[in-house]
Amino acid sequence: MSHLSSPPPKHKGEHKGHGLPRGSERGSSSRDKDRSVTVSSSGPMPAGGKGSRTNCSPSTPQKVPNRLINEKSPYLLQHAYNPVDWYPWGQEAFDKARKENKPIFLSVGYSTCHWCHMMEEESFQNEEIGRLLSEDFVSVKVDREERPDVDKVYMTFVQPFVGGTYFPLEDGLTRVGFRTVLLRIREQWKQNKNTLLENSQRVTAALLARSEISMGDRQLPPSGATMNSRCFQQLDEGYDEEYGGFAEAPKFPTPVILSFLFSYWLSHRLTQDGSRAQQMALHTLKMMANGGIRDHVGQGFHRYSTDRQWHIPHFEKMLYDQAQLAVAYSQAFQISGDEFYSDVARGILQYVARNLSHRSGGFCSAEDADSPPERGMQPKEGAFYVWTVKEVQQLLSEPVPGATEPLTSGQLLMKHYGLTEAGNISPSQDPKGELHGRNVLTVRYSLELTAARFGLDVEAVRTLLNTGLEKLFQARKHRPRPHLDSKMLASWNGLMVSGFAVTGAVLGLERLINYATNGAKFLKRHMFDVASGRLMRTCYAGSGGTVEHSNPPCWGFLEDYAFVVRGLLDLYEASQESSWLEWALKLQDAQDRLFWDSQGGGYFCSEAELGAGLPLRLKDDQDGAEPSANSVSAHNLLRLHGFTGHKDWMDKCVSLLTAFSERLRRVPVALPEMVRALSAHQQTLKQIVICGDPQAKDTKALLQCVHSIYIPNKVLILANGDPSSFLSRQLPFLSTLRRLEDRATAYVCENQACSMPITEPCELRKLLHQ
């Protein structure tokens, strides 16, 4: 069960093949279940090591490290003591495979991947498997978060071939064992090598043709209104009326879909479909926040729910989810005015600040699903997060005064959050029996119902539950923490800058905007090479709060530039510090230089140089767990045009949207974020200009008015009256706008035609709501 051929070519066009199975999966969205499994299956399967996750020193009899000991990636270091002759991705491995005429076994995973841990524990720590891999293959280990280009290419390659997310060591009733897989591949390589090589060349040619995304002879992108309507209809058909979300199970948070629905609502407010879109998004966000996919004790969201009800999560926590969900819940608050959503957004950012923030200002990638129930024990999935009734009763034993029956605060909390003596996790969601008798907190009743059940005041119940959760939080501090992947990625840090900046602006919380500012400073200080003007993809937490880099550095991919530019634009709007806007423009110039396809339109995912060892240079065409970098770039180009008036960026946006026309027409639901950009382009962006002193109360009141309203298709500009300022030089018409009676004054402009001057926030609100 693998995808076979000789080692990767040194140069494009020299297609001598590629290596085998690859592992690990990070689902893209609930609609992407099949794709994400295929993703994980594009090379040898996942890996990651239960025994070595929190400690990279040898803990098993084989104490001799392999080459991975010299790497910086936490994922690669987890495999540094496997009895496998692992190579990092690079020319040394490819040359060895050519010289020794061996196929490459490619294993792609990441540090907090549960199935990767399973594969390592069962197979990669096995001496016999280690010998097989070392004698008959050249084994290459890749951190998919360091090299998303390798991951994407082999995901594409494996679709017509075979791979797997996870193989048990031995054959079972329904699964082929990993040992059998390797022996079959070895046999095929010896017996049918020439056929395999011919097939690999045919597949390469077919995939090159199939993966091409370009404008062709098209002049313009499709109709935004039509794509909008079609995308909404496709989402409506798959919507879960009862629990929210867009699939049966597993269910992933899909902020790109929620963002699309909010935008759709705004442009269809007076229609039934518009109300429906709003209801779908708000209901989904509420059900997720009440479910076990949210960590009610420590805040933040787990990666996905294994069931339809959002109850039992896969317990991993990813930075990119926190970043995007903070924005989604902030937007829900803007739209609904319901503080439930702003509280959730605040909780997410509290979790990130406490558990994923690095002293440098950067943000770490993820926390593992698995951890030891007690020190010295084997890690189990969810051990840090689950509770027994006995634990809760002991921690919360004090009686509740005024209840209509004898009641402790523990019993109140257990009723509200659905805890039972037998545990609330069904065996079907616990195949290894690790969670028997344990409970995941999930809100079962409204505060009003819980209060009524015990004859209590709603506010009293709220206080009791919050006090109880705080006690559980303090008790949980004594449990062994899940492994932290302390790798810092430019792309996810860019998303997190957006998360803090947007939420801070919407809620008017300066301390959140400060986190965004520190995140941007971190990116500029540690992940930007001034000499070349390029971003670096990764850096790593060193000892004593230091930051380390690999040598040579891992350079940025398209998503790093796109997500950082978005973060900087959001930070400018939140802080009105024009230096962030200036840096965003420079990074966009670098992105255009390194990734733009001048023939076909749109951006390649990787630089030409970086992809020299790969047979395909792809353009990502899927908005999944993270938005595609081309979708985000389309928005960035529109906003940058709004901030500067530079026509080149508008032209690039049109070319990009035109290049993705076929994909948009065929399955708009695969690109909801790009459909949103297409609509924004065809509806024209608003320029909201506030003329005033940034420190003055009246200026801040107008800015806060704008931030409190959901207006996705806008740029917010502060004009401080200085004709030599950065923005005045970009947009000469700003110098014609004046303060009225020396008061802070707002103008709403489209195509350089501006509204009458407005000085009262209530008048501005009225105009922006039209």
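Reader: In this predicted model, which cysteine sulfur is the closest to the sulfur of Cys-539, and why is there no bond?

Author: A disulfide needs two cysteine sulfur atoms within 2.5 Å, whereas the closest cysteine sulfur to that of Cys-539 is 9.0 Å away, which is too far for a bond. Cys-539 is itself buried, with a relative accessible area of 0%. The cysteine that holds this closest sulfur is Cys-364.

Reader: How many disulfides does the structure hold, and what is the pairing of the bonded cysteines in sequence order?

Author: One disulfide joins Cys-113 to Cys-116, with 2.4 Å from S to S, and another joins Cys-749 to Cys-754, with 2.1 Å from S to S. The structure thus holds two disulfides, and when the bonded cysteines of the protein chain are numbered in sequence order, the pairing is 1-2, 3-4.

Reader: Is Cys-754 buried, partly exposed or exposed?

Author: Buried means under 20% relative accessible area and exposed means over 50%. Cys-749, to which Cys-754 is joined, counts as buried at 0% relative accessibility. Cys-754 has a relative accessible area of 30%, and therefore this residue is partly exposed.

Reader: Are helix 12 and helix 18 roughly parallel or roughly antiparallel to each other?

Author: The axes of helix 12, residues 319–336, and helix 18, residues 490–507, come within 8 Å and cross at roughly 25°. Angles under 35 degrees count as roughly parallel, and therefore helix 12 and helix 18 are, relative to each other, roughly parallel.

Key
Residues numbered from 1 in each chain as written. Predicted model: local features only at pLDDT ≥ 70, side-chain atom pairs only at ≥ 80, totals over all residues. Heavy atoms only, no water. Axes fitted to C-alpha atoms, helices over the stretch in contact; angles between N-to-C directions. Helix = DSSP H or I, 4+ residues; strand = E, 2+ residues; numbered from the N terminus. Parallel < 35°, antiparallel > 145°, perpendicular 65-115°, else oblique. Buried < 20%, exposed > 50% of the residue type's maximum accessible area, 1.4 Å probe, protein only.
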